[in-house]
Amino acid sequence: MFSLHGQKALVVGIANEQSIAWGCAQALRTQGADLAITWLNAKAEPYVRPLAEQLEASITAPMDVAQPGQMEAVFETIAERWGRLDTIVHSIAFAPKADLHGRVVDCTAEGFAPVSYTHLRAHETEAELVC
């Protein structure tokens, strides 16, 4: 195996112990990375915070990419505490409930538009904040 000792990783998108992002966070930590872990909102915090504590995440915070200022606050904390960021696991998803029943290709245009915009905007902001 390889070592990520000393690497700084932000993991976005853990909802519970079944999340793909949770598996990524576990793998990163097992290889020695220092973690920053976020949760979507107050409803998600009781599920995600214990997982972050289990992995000894040194930074934890809410981060809803649709809420102005939340991503910036997380990246400011990372800059202040770590001075750099080596890795981002971006594993967030959103879709209206009506579009969650079936195949992705069957999602309506109205249902897909906010999903694609949210992800595009989040990636753009993450890139700006890291660079």
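These legends accompany several close-up views of the predicted model. Residues are numbered from 1 along each chain as its sequence is written. In this predicted model, local features need pLDDT of at least 70 and side-chain atom pairs count only at pLDDT 80 or more, while totals for chains, interfaces and linings use all residues; side-chain values use heavy atoms, with hydrogens and water left out.

**View A. Strand β2 and its partner β1.** Here is β2 (residues 34-39), where strands (E, at least two residues) and helices (H or I, at least four) are DSSP runs numbered from the N terminus. Five of the six β2 residues are buried, meaning under 20% relative accessible area with a 1.4 Å probe, protein chains only. β1 (residues 8-12) pairs with β2 in the parallel sense over four bridges; pairing takes at least two DSSP bridges. Look for Ala9 and its bridge partner Leu35.

**View B. Strand β2 and its partner β3.** β3 (residues 59-62) also runs parallel to β2, again over four bridges. Thr38 has Ala61 as its bridge partner.

**View C. The largest nonpolar core.** Such a core is a set of buried Ala, Val, Leu, Ile, Met, Phe, Trp, Tyr and Cys residues joined through side-chain atoms within 4.5 Å. This one has 19 residues, and Val11, Ile14, Ala25, Leu28, Leu35 and Ile37 have the most contacts inside it. The largest share, four residues, comes from α1.

**View D. Around Leu28.** Beyond its neighbours within four places in sequence, Leu28 is in contact (heavy atoms within 4.5 Å) with Leu4, Ala9, Val11, Ala33, Leu35 and Val89. A second, separate core of 13 residues includes Val12, Ala61, Ile78 and Trp82.

Terms used:
Buried < 20%, exposed > 50% of the residue type's maximum accessible area, 1.4 Å probe, protein only.
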